[in-house]
Amino acid sequence: MMRYLLLAALVAFVMVPSLSRAETDARSAPSVVKAEEYLRSLGMAKARFLQTAQDGSQLIGTFYLSRPGRLRFEYDALDDFIVADGYFLYFYDSDLGEQSNAPIGQTLADFLLRDDLSLSGDVTVKSVRRSDDLLQITLMQTEDPDAGSLTLGFKENPMELKKWEVTDATGAVTEVELFQLESGIDLPHNLFVYSDPKKSEPRYND
């Protein structure tokens, strides 16, 4: 179902085989270095997002970030949410009234949330291009033999993250566009702690 696609995009970041020398050299391009520095500089941030699935269906919500280690997605039309608390990524399914989770290090969220964020090493820059007035950087996991990719879209001058697209092993694309991004703000700590909505009193990370 539509509401599961963002979770799938965060968890199932699978990649292509090894790349040519020309492709791997892209990571040293000045624009890639600038994008890496920008991502490292992001601390606390908040944005509205529009999530679009392969079939064109869409959901709107709010994205919160507290690097390193923490993020949250909330949907306007659903009670589902995703939260990373520094250790685990949780997904709450309001239909079932249940949560599922995975260590952050096993998910795509780890790329954005790690303290030592880098566009090299265990990820490789596949391509750098400018399209739709955005700098678009496509990444692959360096050693994963499966197909898939992550494309980050940035506005330049000043640099700002505007979107990302995850292409899975089947070629299906999930796109998340960001709007009204605010950075360098204060956000409450409890945004980034899992609390069971069914409990009358919050029980964080139990």
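1. In this predicted model, P158 is found in the loop that runs between strand 9 (149-155) and strand 10 (160-167). The peptide bond that joins N157 to P158 is cis, with omega at about 0°. Most peptide bonds are trans, and a reader checking the backbone may therefore wish to begin with this loop.

2. N157 belongs to that loop between strand 9 and strand 10 as well, and its phi is near 55°, a positive value in a residue other than glycine. Most residues other than glycine have a negative phi. As for its surroundings, N157 has a relative accessible area of 66% and is exposed, because the cut-off for that class is over 50%.

3. A cis bond is also present from R67 to P68, where omega is near 0°. P68 is found in the loop between strand 2 (58-66) and strand 3 (70-75).

4. Q180 is not a glycine, yet its phi is positive, at about 55°. Q180 lies within a strand, namely strand 11, which covers residues 173-183, and with a relative accessibility of 62% Q180 counts as exposed.

5. Turning to charged pairs, the structure holds eight salt bridges. One of them is formed by the side chains of R130 and E156, with a distance of 3.0 Å from N to O. R130 lies in strand 7 (residues 123-131) whereas E156 is in the loop between strand 9 and strand 10, so the pair ties together parts that are 26 residues apart in sequence. The two partners can be described by their accessibility: R130 counts as exposed at 56%, while E156, with a relative accessible area of 25%, is partly exposed.

6. Which residue forms a salt bridge with E160? The partner is K162, and the closest N and O atoms of the two residues are 3.6 Å apart. In this pair the acid is buried, E160 having a relative accessible area of 18%, whereas K162 is partly exposed, with a value of 25%.

7. A further salt bridge is made where the side chains of K163 and E165 meet, at 3.2 Å from N to O. K163 counts as buried at 11% relative accessibility, and E165 is likewise buried, with a relative accessible area of 18%. These residues do not stand alone, since K163, E165 and E175 are linked in a network of salt bridges.

8. The largest nonpolar core has 41 residues, and those that touch the most other members are L39, F63, L71, F111, L152, F154 and W164. Apart from it lies another core, of five residues, which include F81, V83, Y92 and Y194. F81 also takes part in a contact with a charge, for the charged end of R72 sits over the ring of F81, 4.6 Å from its centre.

9. W164 deserves a point of its own. When residues up to four places away in sequence are not counted, W164 touches F63, F73, L150, T151, L152, T174, E175, V176 and L178. W164 is buried, with a relative accessible area of 9%, and among its contacts F63 is buried too, with a value of 3%.

10. A search of the whole structure finds 10 aromatic pairs. In one of these the rings of F49 and Y75 have their centres 5.7 Å apart and their planes at 80°, so the pair is edge-to-face. F49 is in strand 1 (residues 44-52) and Y75 in strand 3, and the pair links distant parts of the chain, 26 residues apart. F49 is buried, with a relative accessible area of 1%, and Y75 is buried as well, with 5%.

11. The rings of F63 and W164 are also edge-to-face, because their centres are 5.8 Å apart and their planes stand at 75°. This pair, too, links distant parts of the chain, F63 being in strand 2 and W164 in strand 10, 101 residues apart. The residues of both pairs come together in a wider group, as F49, F63, F73, Y75 and W164 form one aromatic cluster.

Notes:
Residues are numbered from 1 along each chain as its sequence is written. This is a predicted model: local features need pLDDT of at least 70, side-chain atom pairs count only at pLDDT 80 or more; totals for chains, interfaces and linings use all residues. Side-chain values use heavy atoms; hydrogens and water are left out. Helices (H or I, at least four residues) and strands (E, at least two) are DSSP runs, numbered from the N terminus. Buried means under 20% relative accessible area, exposed over 50%, partly exposed in between (1.4 Å probe, protein chains only). A nonpolar core is a set of buried Ala, Val, Leu, Ile, Met, Phe, Trp, Tyr and Cys residues joined through side-chain atoms within 4.5 Å. Contact means heavy atoms within 4.5 Å. A salt bridge is a side-chain nitrogen of Lys or Arg within 4 Å of a carboxyl oxygen of Asp or Glu. Rings of Phe, Tyr and Trp (its six-membered ring) pair if their centres lie within 6.5 Å; planes under 30 degrees apart count as stacked, over 60 as edge-to-face and the rest as tilted. A charge sits over a ring if NZ of Lys or CZ of Arg is within 6 Å of the ring centre and within 35 degrees of the ring normal.
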